[in-house]
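This briefing is meant to be read beside the sequence and the 3D view. It takes up two loop residues in turn and then one pairing of helices.

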Amino acid sequence: MAMASAMDLSPPTFFLSGTSSSSSSLRRLSSISVSSFRRHSNRRLHVLCQATAGTQPQSGLSDSGSKLAARSGQDRLLKVPISKIRNFSIIAHIDHGKSTLADKLLQVTGTVQNRDMKEQFLDNMDLERERGITIKLQAARMRYVYEDTPYCLNLIDTPGHVDFSYEVSRSLAACEGALLVVDASQGVEAQTLANVYLALENNLEIIPVVNKIDLPGAEPEQVIREIEEVIGLDCSKAILCSAKEGIGITEILDAIVQRIPPPRDTAEKPLRALIFDSYYDPYRGVIVYFRVIDGKVKKGDKIFFMASGKDYFADEIGVLSPNQIQVDELYAGEVGYISASIRSVADARVGDTITTYSRKAESSLPGYEEATPMVFCGLFPVDADQFPDLRDALEKLQLNDAALKFEPETSSAMGFGFRCGFLGLLHMEIVQERLEREYNLNLITTAPSVVYRVNTVNGDTTMCSNPSLLPQPGQRKSVEEPYVKIELLTPKDYIGALMELAQDRRGEFKEMKYIAENRASLIYELPLAEMVGDFFDQLKSRTKGYASMEYSVIGYRESDLIKLDILINAELVEPLSTIVHRDKAYSVGRALTQKLKELIPRQMFKVPIQACIGSKVIASEALSAIRKDVLAKCYGGDISRKKKLLKKQAAGKKRMKAIGRVDVPQEAFMAVLKLEREVL
């Protein structure tokens, strides 16, 4: 009865239900003013937040409805048939409301009580909350009652950034469906497309959701057309929602139940479970998040990891709701966690298959790959005494992050440090920031570089991530560098600026198409080394923040690459050496020598600063000597006296230069490293 009275008072609803057509609902949406929308928002919540079992009350619901919703949330551990399980993910571009929608689903289903609720509930790290991004994926089990039948909904949250595309692909492989969330004011963006294509590769049922329809600049009709034209999805049943205001949440839950298929009933087969995430707990060891594909697993079973070949006893199994809750058994279709006193994340990698030791599966699940670092940089402590602390911090981080690779490195300029490998630039930034925040380290980061493939004259192939490891020119047959396919989505006003940027970075134009009347997609292939500098910053500044990008590595190609050395007073300074394309060698060498001339203090003798390719000098600057005025005491007399004094001074300078050593200050190195990021 409470629902009926609320329905009488509320204005027309703002969402697109599964039964009504999109055009009629959109007409109703556009006919209602924003002021009317805000005026009636409190009443409308009565309609949207059902007071039936399986929904969490909003303000204004009766006490009986609140208790019923809370009880339904507490019953989420009760088993349901496999046909009543729904596994789904949420895919979206950054800042399109994915975390807000996940929060609202948890709240509406009673999974998280109002008193415990906070924004970005599934984002546990401070870094995730500050940046508004998802770094570590999470999972949550919800219970939702649809037409008096309880359903188990497993939400597997995914990171949205391209650096973590492998983790996203494994999360999507654990699902049968996905919510495609698109901002009603921004439309389809680059990462939206990338994640949709990953979902389509895994044959997921995709439910389009247009979010943030409460914004004044929202254009849901245009966004729906974009989704249909660009992605090719049928949007006749697209759902209009506002996760912040609570509009359309019930419709999303209904659509998950109606349209996402249940898992296959394979509980009698040998156990096969897909690992989609893992993290290290200092007290319990590695905690593995997994989805049971076939069979069942019980507490105490001896389990076997098929890729790593390790076996352990399952000391504890449970579900994530979203906190860990222990259970005795999980069967096909369910999502949960295992604690088995595993000492290293490398033993339980993302994408590996878990089976029982006594009844092993015939084959592992497809799609497993080893994480391959694509971007490398040097990490050095500002204070040399912090080197042991840096090593310990990296080892602890590696327990949580199997993709992080590091090895010791010594630099004549910066002392002892580590050469670290990362999945991409965001991964590098996150690791650096976590080291500085969580372990109180002050770090110097060298310019990021990529892994080059060097073919030698004797037929060997070596991978080179550091300029100092590059073989001599006489031993090199060819050098290959990684290329990426990059897609840029931009308003049409900035097409020229982005074309100029891509071509400056040795990009090869492939395709341009208009995805809407005023938005275009540009596709280029360009070297990864050209992208690891300030490419993204330039992209945003040239388009006033409106453009977005997505890239994928497409392999190695041979390029005319050379090693550029910096000589100061005829001595090679190894930390300043870089690998660059021959066409850019002069401009990079000129910029580095000019910057060093500004930063190195003047000496008592003339100091040449040279940029060289092998023995050929391509750019040169010179620091003039600090000269004492030896002619000051000469108040007249013959010129030969002055010449004698100047000749004596020159001889002293020459002797000093032969035995003198130029110390490059730390500030100069840091400034040059910053410059390298800009010019490379």
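A residue counts as exposed when its relative accessible area is over 50%, and as buried when that area is under 20%. The model discussed here is a predicted one, and its backbone has a positive phi at two residues other than glycine, namely Glu147 and Arg506.

**Loop residues with positive phi**

- Glu147 is placed in the loop that runs between β2 (139-146) and β3 (149-156), and its phi is near 50° although the residue is not a glycine.
- Because its relative accessibility is 63%, and the cut-off for exposure is over 50%, Glu147 is classed as exposed.
- Arg506, in the loop between α14 (495-504) and β25 (508-516), likewise has a positive phi, with a value near 60°.
- The relative accessible area of Arg506 is 18%, which is under the 20% limit, and Arg506 is therefore classed as buried.

**The pairing of α14 with α16**

- The helix that precedes the loop of Arg506, α14 (495-504), has an axis that comes within 10 Å of the axis of α16 (residues 535-542), and the two cross at roughly 160°.
- Since an angle over 145 degrees counts as roughly antiparallel, α14 is roughly antiparallel to α16.
- The crossing of α14 with α16 is right-handed.
- On the side of α14, the contact involves Ala497, Leu498, Glu500, Leu501 and Asp504, which meet Phe535, Gln538, Leu539 and Arg542 of α16.
- By residue class, this contact of α14 with α16 is made up of five nonpolar, three charged and one polar residue.

Methods. Residues are numbered from 1 along each chain as its sequence is written. This is a predicted model: local features need pLDDT of at least 70, side-chain atom pairs count only at pLDDT 80 or more; totals for chains, interfaces and linings use all residues. Side-chain values use heavy atoms; hydrogens and water are left out. Helices (H or I, at least four residues) and strands (E, at least two) are DSSP runs, numbered from the N terminus. Buried means under 20% relative accessible area, exposed over 50%, partly exposed in between (1.4 Å probe, protein chains only). Axes are lines fitted to C-alpha atoms, for helices over the stretch in contact, and angles run from 0 to 180 degrees between N-to-C directions. Angles under 35 degrees count as roughly parallel, over 145 as roughly antiparallel, 65 to 115 as roughly perpendicular and the rest as oblique. A crossing is left-handed if the near helix is turned anticlockwise from the far one by less than a right angle, and right-handed if clockwise. Contact means heavy atoms within 4.5 Å. Ala, Val, Leu, Ile, Met, Phe, Trp, Tyr, Cys and Pro count as nonpolar, Asp, Glu, Lys and Arg as charged, and the others, Gly among them, as polar.
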